[in-house]
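These are my notebook entries on a single chain, taken in the order in which I looked things up. I began with charged side chains and then turned to strands, rings and individual loop residues.

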Amino acid sequence: VQLQASGGGLVQAGGSLRLSCKASGSISSSNVMGWYRQAPGKEREFVATIGSSISYTGSVEGRFTISRDIRKNTVYLQMNNLKPEDTALYYCAARRSFAVSTTSTDYMYWGQGTLVTVSS
């Protein structure tokens with residue numbers, strides 16, 4: 001199983017980025033997929049998940065949108081109105097379930113991170 005995350009970059013506050021995570025191997029984007037992030041000096045935190053339902057952490061609600069294209073086996077994270085506090089390494093993750101989870105230990109597959117830097 002491989003998860004390939006991409007789309008990070010440097011953006012000014014108020015700008016937008018779209019992250020992509022392509023799944024390959026014996027996992028598909030129809031399983032539960034999630035996005036997590038880890039800022040410098042902080043623990044990894046849940047951002048969003050999509051499965052039989054969708055869930056977001058409160059700080060991104062209304063600004064971020066998670067979606068998926070099952071034909072492309074890809075999950076996306078559209079991030080609008082970015083803030084400096086969104087700066088982090090963003091990871092995608094997958095679990096063999098259709099029930100969403102916000103708990104990182106429920107995800108058994110992780111991609112490499114993609115760096116998002118938001119300047120003020």
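**Entry 1: charged pairs.** I looked up Arg37 and recorded it as buried, because its relative accessibility is 4%. I note here that the model is a predicted one. The side chain of Arg37 meets that of Glu45 in a salt bridge, at 2.6 Å from N to O. Glu45 has a relative accessibility of 34%, so I entered it as partly exposed.

I then turned to Asp86 and Arg63, whose side chains also meet in a salt bridge, with an N to O distance of 2.7 Å. This pair links distant parts of the chain: Asp86 sits in the loop between β8 and β9, Arg63 in the loop between β6 and β7, and 23 residues separate them. I listed Asp86 as buried because its relative accessible area is 1%. Arg63, at 9% relative accessibility, is likewise recorded as buried.

The next pair I checked was Arg71 with Asp69, a salt bridge in which the closest N and O atoms are 3.8 Å apart. Salt bridges with shared partners join Arg37, Glu45, Arg63 and Asp86 into one network. Arg71 is exposed, with 78% relative accessible area, whereas Asp69 is buried, with 15%. My count of salt bridges in the structure is 4.

**Entry 2: Arg95.** Which side chain of opposite charge is nearest to Arg95, and how far away is it? I found Asp106 at 4.4 Å; Arg95 is buried yet has no salt bridge. The cut-off explains the result, because a salt bridge requires the side-chain nitrogen to be within 4 Å of a carboxyl oxygen. I did find the backbone oxygen of Asp106 at 3.2 Å from a polar atom of the Arg95 side chain. Arg95 belongs to strand β9. Setting aside residues up to four places away in sequence, Arg95 touches several residues, among them Ile27, Val100, Tyr107 and Met108.

**Entry 3: Ser97.** I located Ser97 in the loop between β9 and β10. Ser97 is entered as buried because its relative accessibility is 18%. Beyond its neighbours within four places in sequence, Ser97 contacts Asn31 and Val32; Arg95 touches Asn31 and Val32 as well. I also noted Gly51, which is 46 residues from Ser97 in sequence and 8.1 Å from it in space, C-alpha to C-alpha.

**Entry 4: strands.** I traced strand β3 (residues 17-24) and found it joined antiparallel to strand β1 (residues 2-6) by 5 bridges. In these bridges Gln4 is partnered by Lys22 and Ser6 by Ser20. Strand β3 also runs antiparallel to strand β8 (residues 74-79), with 6 bridges between them. Leu17 stands opposite Met79 of β8. For β1, I recorded Leu3 and Ala5 on the covered face, and Gln2, Gln4 and Ser6 on the uncovered one. In a regular strand, side chains alternate between the two faces of the sheet.

**Entry 5: rings.** I counted 4 aromatic pairs in the structure. Of these I examined Tyr36 and Phe46, an edge-to-face pair at 5.7 Å centre to centre, with 70 degrees between the planes. Tyr36 lies in strand β4 and Phe46 in strand β5, 10 residues apart. Both rings belong to buried residues, Tyr36 and Phe46. Ring pairs link Tyr36, Phe46, Tyr107 and Trp110 into a cluster.

**Entry 6: Gly58.** Lastly, I looked up Gly58, in the loop between β6 and β7. Gly58 is exposed because its relative accessible area is 62%. Its C-alpha atom is 23 Å from that of Gly9, which is 49 residues away along the chain.

Methods: Residues numbered from 1 in each chain as written. Predicted model: local features only at pLDDT ≥ 70, side-chain atom pairs only at ≥ 80, totals over all residues. Heavy atoms only, no water. Pairing = 2+ DSSP bridges. Helix = DSSP H or I, 4+ residues; strand = E, 2+ residues; numbered from the N terminus. Buried < 20%, exposed > 50% of the residue type's maximum accessible area, 1.4 Å probe, protein only. Contact = heavy atoms within 4.5 Å. Lys, Arg positive; Asp, Glu negative; His and termini not counted. Polar contact = N/O pair within 3.5 Å; in protein donor to acceptor, adjacent residues only side chain to side chain. Phe/Tyr/Trp six-rings, centres within 6.5 Å; stacked < 30°, edge-to-face > 60°.
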